[in-house]
Amino acid sequence: MNNDLHKTAVQVDEKRRRLLSCIDTVLNKFGPEVRRALTFYMRRNYSLKRYQIPDKPQEFSVALHHVFGKSAGGIERRIRQAIIEEFQLSPETETSLEEVIRSVVKP
């Protein structure tokens, strides 16, 4: 049984790593400085660290909207699409970024 728990934990960590990689890929298109600035803002204003994004997608979405304003919707769509492609999810047009993140990290 202990081996099964370890295997599940490794799979969850891998999903989280891939999910964060999708987010980084999209944000890095704006330049690494933008990603670092967003990470700093999230930590300072929301006590949200990068590795916590899978657990707190709503806070991540709020931070995106505060930093990027009206452009946040487009950024969220790009991140959502990257996650859908990476995890081969059904492309639900009405699904929010938060819902897509939660569907990936759920047990």
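Helix H4 has 16 residues and reaches 22 Å from its first C-alpha to its last, close to the 22 Å expected at 1.5 Å a residue. The model is predicted. H4 belongs to a protein chain with five helices and zero strands, and the order of elements from the N terminus is α-α-α-α-α. Residues Ala-72, Ile-75, Glu-76, Ile-79, Arg-80, Ile-83, Ile-84 and Phe-87 of H4 are buried.

**Whole chain**

- The protein chain has 107 residues, and 32% of them count as buried.
- About 7000 Å² of the protein chain is exposed, with carbon and sulfur atoms supplying 50% of that area.
- Where contacts join residues at least 6 apart in sequence, 50% of these contacts link residues at least 24 apart.

**Helix H4 and its buried residues**

- H4 covers residues 72-87.
- The buried residues of H4 include Ala-72, Ile-75, Glu-76, Ile-79 and Ile-83.
- An α-helix has 3.6 residues a turn, so residues three or four places apart point the same way.
- The buried set in H4 is not purely hydrocarbon in its side chains, since Glu-76 and Arg-80 are listed in it, and both residue types count as charged.- Ile-75 sits in helix H4 and counts as buried because its relative accessibility is 3%, where the cut-off for buried is under 20%.
- Outside its neighbours within four places in sequence, Ile-75 is in contact with Val-26, Leu-27, Phe-30, Leu-64 and Phe-68.
- Between Ile-75 and Val-26 the C-alpha to C-alpha separation is 7.6 Å, although the two residues are 49 apart in sequence.

**Packing of H3 against H4**

- Helix H3 spans residues 57-68, and its axis comes within 9 Å of the axis of H4, with a crossing angle of roughly 135°.
- This crossing makes H3 oblique to H4.
- On the H3 side the contact is made by Phe-60, Ser-61, Leu-64, His-65 and Phe-68.
- On the H4 side the contact is made by Ala-72, Gly-73, Ile-75, Glu-76 and Ile-79.
- By residue class, the contact of H3 with H4 holds six nonpolar, three polar and one charged.
- Leu-64 and Phe-68 are among the H3 residues of this contact, and both are also listed as partners of Ile-75.

**Helix H2 and Tyr-41**

- Helix H2, residues 32-46, has 15 residues and reaches 21 Å between its first and last C-alpha, close to the 21 Å expected at 1.5 Å a residue.
- Tyr-41 lies in helix H2.
- Not counting residues up to four places away in sequence, Tyr-41 touches Tyr-46, Ala-63, His-66 and Val-67.
- The C-alpha atoms of Tyr-41 and Ala-63 are 7.6 Å apart, with 22 residues of separation along the chain.

**Positive phi after two helices**

- Most residues other than glycine have a negative phi, and most peptide bonds are trans.
- Ser-47 is not a glycine, yet has a positive phi of about 50°.
- Ser-47 comes just after H2 and belongs to the loop between H2 and H3.
- The relative accessible area of Ser-47 is 52%, so Ser-47 is exposed, the cut-off for exposed being over 50%.
- Gln-88 is likewise not a glycine and has a positive phi of about 50°.
- Gln-88 follows H4 and belongs to the loop between H4 and helix H5.
- With a relative accessible area of 73%, Gln-88 is exposed.

**Helix H5 and Val-105**

- Helix H5 covers residues 97-105, and Val-105 is placed in this helix.
- Val-105 is partly exposed, with a relative accessible area of 21%.
- Leaving aside neighbours within four places in sequence, Val-105 is in contact with Arg-16 and Pro-54.
- The C-alpha atoms of Val-105 and Asp-55 are separated by 8.0 Å, and the two residues are 50 apart along the chain.

Technical notes: Residues numbered from 1 in each chain as written. Predicted model: local features only at pLDDT ≥ 70, side-chain atom pairs only at ≥ 80, totals over all residues. Heavy atoms only, no water. Helix = DSSP H or I, 4+ residues; strand = E, 2+ residues; numbered from the N terminus. Buried < 20%, exposed > 50% of the residue type's maximum accessible area, 1.4 Å probe, protein only. Contact = heavy atoms within 4.5 Å. Areas by Shrake-Rupley, 256 points an atom, 1.4 Å probe, with all protein chains shown as cover. Axes fitted to C-alpha atoms, helices over the stretch in contact; angles between N-to-C directions. Parallel < 35°, antiparallel > 145°, perpendicular 65-115°, else oblique. Expected span 1.5 Å × (residues − 1).
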